[in-house]
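Biologist: Hello! I am new to this structure and would love a close look at one part of it.

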Amino acid sequence: MTQAAFFVLTALADEPRHGYGILREVEDLSDGAVQLRVGTLYGVLDRLTADELIVLDREEVQQGRLRRYYRLTDEGMRALDAEAERMAAGASAAKQRIAEGRKAGGTPPVTGPGLAGGLA
């Protein structure tokens, strides 16, 4: 699952949202790390709809513009849950290896930007 798809599904986990609401929610959920463009968002929504992970919930006209609201399907919630579990397991394994590496005198932690090759 792509990072964009993961965050779109996460944005829809608690309630249906329209396109702009999804964009804002994805940015908030990712602390600004993921900023989808409109074209990218609708490509992701099309793929998730084709995979039956989301469905069109409703359409509303607001200020003369049509807003489509999307929601997760039961399969979408299961896919999101499975991906979150997979990511958590991967993060846990990485943390464990980092701790083991530090105990074994492995590469010291990076404390900030620097030059390759050591101190000047």
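Biologist: Where is the place of Leu-72? Please start there and then lead me through what surrounds that part.

Modeller: Happy to. Please keep in mind that this is a predicted model. Leu-72 has its place in strand β3, and β3 covers residues 65-72. Leu-72 is buried, since its relative accessible area is 10%, and a residue counts as buried when that value is under 20%. If we set aside the neighbours within four places in sequence, Leu-72 is in contact with Leu-9, Leu-12, Ala-13, Leu-53, Ile-54, Met-77 and Leu-80. Along the chain, Leu-72 and Glu-15 are 57 residues apart, yet their C-alpha atoms are separated by 8.3 Å.

A similar pairing involves Asp-14 and Arg-71, which are 57 residues apart in sequence and 8.8 Å apart in space, C-alpha to C-alpha. Asp-14 belongs to the loop between α1 and β1. With a relative accessible area of 55%, Asp-14 is exposed, whereas Leu-72 is buried.

It helps to step back for a moment. The chain contains 4 helices and 3 strands, and from the N terminus on they follow the order α-β-α-α-β-β-α. Of its 120 residues, 27% count as buried. Among contacts between residues at least 6 apart in sequence, 44% join residues at least 24 apart.

Leu-9, one of the contacts of Leu-72, leads us into helix α1, where Leu-9 is itself buried. Helix α1 spans residues 3-11. Of its 9 residues, 7 are buried, so α1 is largely enclosed by the rest of the structure. Those buried residues are Ala-4, Ala-5, Phe-6, Phe-7, Val-8, Leu-9 and Ala-11. Their packing partners are β1, α2, α3, β2, β3 and α4, so the strand that holds Leu-72 is among them.

Two of these partners deserve a closer look. Two packed helices are described by the angle between their axes and the distance between the axes. For α1 and α2 (residues 19-29), the axes come within 9 Å and cross at roughly 110°. That angle makes α1 roughly perpendicular to α2. On the α1 side, Phe-7, Val-8, Thr-10 and Ala-11 take part, and they meet Ile-22, Glu-25, Val-26 and Leu-29 of α2. Sorted by class, this contact has 6 nonpolar, 1 polar and 1 charged residues.

Next comes α3, which packs with α1 at an angle of about 75°, the axes being 10 Å apart. Here too, α1 is roughly perpendicular to its partner, α3. Helix α1 contributes Ala-4, Ala-5, Val-8 and Leu-9 to this contact, while α3 brings Leu-41, Val-44, Leu-45 and Leu-48. By class, the contact of α1 with α3 has 8 nonpolar residues, with no polar and no charged ones. Val-8 appears in the contact with α2 and also in the contact with α3.

Now for the rings. A search of the whole structure turns up 1 aromatic pair. Phe-6 and Phe-7 form that pair, with an edge-to-face arrangement: 5.4 Å centre to centre and 80° between the planes. Both of these residues, Phe-6 and Phe-7, are buried.

One last detail brings in another ring, that of Tyr-69. The charged end of Arg-58 sits over this ring, 3.9 Å from its centre.

Note on methods: Residues numbered from 1 in each chain as written. Predicted model: local features only at pLDDT ≥ 70, side-chain atom pairs only at ≥ 80, totals over all residues. Heavy atoms only, no water. Axes fitted to C-alpha atoms, helices over the stretch in contact; angles between N-to-C directions. Helix = DSSP H or I, 4+ residues; strand = E, 2+ residues; numbered from the N terminus. Parallel < 35°, antiparallel > 145°, perpendicular 65-115°, else oblique. Contact = heavy atoms within 4.5 Å. Nonpolar A, V, L, I, M, F, W, Y, C, P; charged D, E, K, R; others polar. Phe/Tyr/Trp six-rings, centres within 6.5 Å; stacked < 30°, edge-to-face > 60°. Buried < 20%, exposed > 50% of the residue type's maximum accessible area, 1.4 Å probe, protein only. Lys NZ or Arg CZ within 6 Å of the ring centre and 35° of its normal.
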